[in-house]
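Subject: Structure handover

Hello,

Here is the structure for you to take over. Please open it first, then read my notes below.

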Amino acid sequence: MLVLDSGGFGRLSERSKQALALIEEFRTAGLWPPVVPTMVLVESLQGHAGRDANANRFLKTVIKDDAVSLEVARRAAELRRLARHGSAVDAFVVAVAEPSGIVLTGDEADITALAAVSKGVTVELV
């Protein structure tokens with residue numbers, strides 16, 4: 001499973017050749033469509049239809065995870081405590097990716113620290 005944080009979401013929602021190449025790589029690897037926790041959208045969207053046009057188009061191609069279960073919320077809190085790093089949204093993204101998922105991110109330090117104490121989550125940088 002591929003999970004996008006705000007950096008991964010922003011990168012893949014660009015209308016660029018690089019974004020299309022990454023999407024094709026994930027499709028080939030069987031990692032498409034990715035999961036985007038709706039909490040990530042708070043960091044990714046600007047609340048303006050014009051500025052969010054590419055993001056809104058991209059949202060039609062992903063799996064939106066809007067269920068914040070108590071179990072996942074507790075696991076995210078535990079990850080933050082263990083890693084002593086990252087925001088609540090970062091920890092939530094890694095918790096959603098457990099076990100053994102991949103997080104696409106531009107936030108190497110925080111996500112890598114959280115993944116290091118997770119159940120097999122790996123980090124892919126954009």
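The notes below go through helices, pockets, single residues and backbone geometry.

Please keep in mind that this is a predicted model.

**Helices α6 and α7**

Start with α7, which spans residues 108–116. Its buried residues are Asp110, Ile111, Leu114 and Ala115. They cover an arc of only 125° around the axis, so they sit on the same side of α7. The general rule fits here: an α-helix has 3.6 residues a turn, so residues three or four places apart point the same way.

What lies over that side? The cover on the buried residues of α7 includes two helices, α5 (70–83) and α6 (88–97). It also includes two strands, β4 (102–105) and β5 (122–125).

Now α6 itself. How many of its residues are buried? The count is 9 of 10, so this helix is mostly covered. The buried stretch has Val89, Asp90, Ala91, Phe92 and Val93. It also has Val94, Ala95, Val96 and Ala97.

**The largest pocket**

Next, the open space. Rolling a probe the size of a water molecule over the atoms shows where empty space is left. The largest pocket holds about 200 Å³. It is lined by 14 residues. Closest to its centre are Leu12, Ser13, Glu14, Arg15 and Phe58. Two elements, α2 (17–28) and α4, each give two or more residues to this lining. The largest share, 4 residues, comes from α2. By class, the lining has 6 nonpolar, 4 polar and 4 charged residues.

**The second largest pocket**

The second largest pocket has a volume of about 160 Å³. Which residues line it? They are Asp65, Ala67, Ser69, Glu71, Val72, Arg75, Ala95, Val96, Glu98 and Lys119. Here the elements giving two or more residues are α5 and α6. The most comes from α5, with 3 residues. The class count is 4 nonpolar, 1 polar and 5 charged.

Two of these lining residues, Ala95 and Val96, are also on the buried list of α6.

**Asn54**

Asn54 is worth a look. It lies in helix α4, residues 53–59. Is it buried, partly exposed or exposed? Its relative accessible area is 29%, so Asn54 counts as partly exposed. Its side chain makes a polar contact of 2.5 Å with the side chain of Arg57. Leaving aside neighbours within four places in sequence, Asn54 is in contact with Ser13 and Arg15. Ser13 and Arg15 are also among the residues closest to the centre of the largest pocket. Val117 is another matter. Asn54 and Val117 are 63 residues apart along the chain, and their C-alpha atoms are separated by 34 Å.

**Arg81**

Arg81 is in helix α5. Its relative accessible area is 54%, so Arg81 counts as exposed. How far is Arg81 from Trp32? The two are 49 residues apart in sequence and 31 Å apart in space, C-alpha to C-alpha.

**Backbone geometry**

Four spots need a check by eye. Most residues other than glycine have a negative phi, and most peptide bonds are trans. The places below depart from that pattern.

- Trp32 and Pro33 are joined by a cis peptide bond, with omega about 5°. Pro33 lies in the loop between α2 and β2 (35–37).
- Glu98 to Pro99 is a cis peptide bond too, with omega near -15°. Pro99 is in the loop between α6 and β4.
- Ser100 is in the loop between α6 and β4. It has a positive phi of about 65° and is not a glycine. At 55% relative accessibility, Ser100 counts as exposed.
- Arg84 has a positive phi of about 55°, again without being a glycine. It sits in the loop between α5 and α6. With a relative accessible area of 76%, Arg84 is exposed.

The loop between α6 and β4 thus appears twice, with Pro99 and with Ser100. Glu98, on the other side of the cis bond to Pro99, is also in the lining of the second largest pocket.

Over to you.

Best wishes

Conventions. Residues are numbered from 1 along each chain as its sequence is written. This is a predicted model: local features need pLDDT of at least 70, side-chain atom pairs count only at pLDDT 80 or more; totals for chains, interfaces and linings use all residues. Side-chain values use heavy atoms; hydrogens and water are left out. Buried means under 20% relative accessible area, exposed over 50%, partly exposed in between (1.4 Å probe, protein chains only). Contact means heavy atoms within 4.5 Å. A polar contact is a pair of N or O atoms within 3.5 Å; within protein, one must be able to donate a hydrogen and the other to accept it, and residues adjacent in sequence count only if both atoms are side-chain atoms. The arc is that of the directions from the helix axis to the C-beta atoms. On a 1 Å grid over the protein atoms alone, a cavity is a set of points where a 1.4 Å probe fits but cannot get out, and a pocket is an open set with protein on both sides within 12 Å along at least five of seven lines; lining residues have an atom within 4 Å of a point. Grid points are joined across faces, edges and corners, and a volume is the space filled by probe spheres set on the points. Ala, Val, Leu, Ile, Met, Phe, Trp, Tyr, Cys and Pro count as nonpolar, Asp, Glu, Lys and Arg as charged, and the others, Gly among them, as polar.
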